[in-house]
Amino acid sequence: MLPERTDVLVVGAGPTGLAVALTLAGHGVTATVVDRLAEPPVTSRAAVVHAGTLEVLDRIGIAAPLAARGLRSARFSVRDRDRVLLTVPFDRLPSRYPYALLISQAETEAVLTDRLTALGGRVLRPYEMTGLDLDGDGAVACFDGGRAVRARWIVGADGMRSRVRELAGIGFGGPADPGESFLLADVHVDSALPRDQVSLFLSRQGPLVWAPLPDGTVRLVATVGDAPRDPQAHHFQALLDERGPARRPDRITGMAWSSRFRIHHRIASTYRSGPVLLAGDAAHVHSPAGGQGMNLGLRDAVALGDALAAGPQALDGYAADRRPLAEEVLGFAAGLTRLAAAPPPLRPLRNLLLRAVSALPPARRRIATRLAGFEPASSRPRPRPR
Ligand SMILES: Cc1cc2nc3c(=O)[nH]c(=O)nc-3n(C[C@H](O)[C@H](O)[C@H](O)COP(=O)(O)OP(=O)(O)OC[C@H]3O[C@@H](n4cnc5c(N)ncnc54)[C@H](O)[C@@H]3O)c2cc1C
């Protein structure tokens, strides 16, 4: 049942909203978390949690249970069919988590929810926020069915098409182009590729990511010109034949899940407008190149939970600190996309460059550090967890 009043209302129980609530719970603050879905989704979606994010999640007691459920990838390799162009080592990262953790988003959400429940929190479902009135004391959020909740702070963790962002009148700029189109699937595959690493195939037709998941399936993600509405195993077999290993081709033997999606590069004009705060996909979206999206959202969430617990003076700091970090990640993801989609005349040069970088261990370590998502330590005081 929705309360009439709450201090913090978190709209959206995806990874971002759950992590905000969990961080607040660690500070002894109970947030009201709502989601329009009756049940959490069971699909795998974002499948990698990087070392920099695990370091941050460690503070809210989540890194160890995630690491126990995920698959640890020691390396990331960039390939042109059978040729390895570049190997990026995660096992040398200066971290307690020297790997990229492969784990389905549904599992990540389940771990966050279990921990929130253990701390006495819960998600109220299904409640869809449909209206928002702002006044001097905070905000009143309206829900389908006519219910209303007065809150001092409203956290928009409601994803890319955020209603909170829209109702607060916060811009979400970006190019008017149709965005990049992606196909993805979790498949069972007969393959000779190493299962301790993620492979990125660069090909004339576009990139293909091959990532092993803990349940024995392999996540395939590829950019395509025109994605079929209901992608089938044969679509992914064709992508593997076109872009994957040639000497010992992969053979798909089954498909657990598939989807398509389109992504624009967008960022909210501000992360704070009065009592409204944005985090996660509600604040930024970009291509999945480098697997940065959910990771950035999780790190936003912990920073926002800390700032809300510290008091109103910390919230402008949250907005001022986090937006430039998102700009940087958007630039990085766009750069990776450009590298992967280099025009045919530039590809030999690109491949040569990648092989040259491959011969320089410090350069390879720098790329690993960048992918791992370590952020500069905030100079702002953090409230002590209770
Ligand atoms: C098919 C698919 C594949 C993806 N693959 C990748 C990938 O490979 N790598 C990657 O980095 N990212 C990927 N993503 C993106 C990744 O899932 C997001 O970055 C991540 O989920 C963002 O988390 P979030 O909590 O900010 O938002 P979301 O996960 O979108 O959560 C928002 C929540 O808000 C709820 N909500 C929305 N509106 C309302 C409302 N009005 N009232 C109440 N509740 C509301 C929704 O039900 C939802 O539960 C993928 C996404 C999809 C859909």
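**View 1. The shell around the ligand mixes nonpolar, polar and charged residues.** In this predicted model, the shell around the ligand is made of 14 nonpolar, 11 polar and 7 charged residues. In total, 32 residues surround the ligand. To get your bearings, look for the closest of them: Gly-12, Gly-14, Thr-16, Gly-159 and Gly-280. Several elements contribute, and α1 (15-26), β17 (251-263) and α7 each supply at least two residues of the shell. Where does the ligand lie with respect to domain 1 and domain 2? It lies between them, because domain 1 (5-47 + 104-175 + 265-338) and domain 2 (180-263) both give residues to the shell.

**View 2. Helix α1 sits inside the structure.** Here we stay with α1, one of the elements that supply residues to the ligand shell. Is α1 largely enclosed or largely open? Since 12 of its 12 residues are buried, α1 is largely enclosed by the rest of the structure. Walking along α1, you pass the buried residues Pro-15, Thr-16, Gly-17, Leu-18, Ala-19 and Val-20, then Ala-21, Leu-22, Thr-23, Leu-24, Ala-25 and Gly-26. The cover over these buried residues includes β1 (5-11), β2, α4 (105-118), β11 (148-156) and α7. At 1.5 Å a residue, the 12 residues of α1 should span 16 Å, and this agrees with its end C-alpha atoms, which are 16 Å apart. Just after the helix comes Gly-28, with a positive phi of about 80 degrees.

**View 3. Helix α8 and the elements that cover it.** Helix α8 runs over residues 313-340. Its 28 residues should span 40 Å at 1.5 Å a residue; the end C-alpha atoms are 42 Å apart, which agrees. The buried residues of α8 are Tyr-318, Arg-322, Arg-323, Ala-326, Val-329, Leu-330, Ala-333, Leu-336, Thr-337 and Ala-340. Which elements help to cover the buried residues of α8? Among them are β18 (266-268), β21 (284-285) and α7 (293-310). You have met α7 before: α7 also helps to cover the buried residues of α1, and supplies residues to the shell around the ligand.

**View 4. A three-stranded sheet with β18 in the middle.** The order β12-β18-β21 describes an open sheet of 3 strands with antiparallel pairing. At its edges are β12 (172-173) and β21, each pairing on one side only. Strands β12 and β18 run antiparallel and are joined by 2 bridges. One pair to look for is Phe-172 with its bridge partner in β18, Ala-268. Both β18 and β21 also appear in View 3, as part of the cover over the buried residues of α8.

**View 5. Two arginines with positive phi.** What is the phi of Arg-45? It is near 40 degrees, a positive value in a residue other than glycine. You will find Arg-45 in the loop between β2 (32-34) and β3 (48-49). Arg-45 counts as buried because 20 other C-beta atoms lie within 10 Å, and 20 is enough to meet the cut-off for buried. Arg-81 has a positive phi near 50 degrees and belongs to the loop between β5 (75-80) and β6 (83-89). With 14 other C-beta atoms within 10 Å, Arg-81 is partly exposed.

**View 6. A cis peptide bond ahead of Pro-126.** Is the peptide bond from Arg-125 to Pro-126 cis or trans? It is cis, with omega near -25 degrees. To locate Pro-126, follow the loop between β8 (123-124) and β9 (129-135).

Methods
Residues are numbered from 1 along each chain as its sequence is written. This is a predicted model: local features need pLDDT of at least 70, side-chain atom pairs count only at pLDDT 80 or more; totals for chains, interfaces and linings use all residues. Helices (H or I, at least four residues) and strands (E, at least two) are DSSP runs, numbered from the N terminus. The expected span of a helix is 1.5 Å times one less than its number of residues. Two residues are in contact if their C-beta atoms, placed from the backbone, lie within 7 Å. A residue is near a molecule or strand if its C-beta atom, placed from the backbone, lies within 6 Å of it. Ala, Val, Leu, Ile, Met, Phe, Trp, Tyr, Cys and Pro count as nonpolar, Asp, Glu, Lys and Arg as charged, and the others, Gly among them, as polar. Domain bounds come from an automatic or database domain assignment. Two strands pair if DSSP finds at least two bridges between them.
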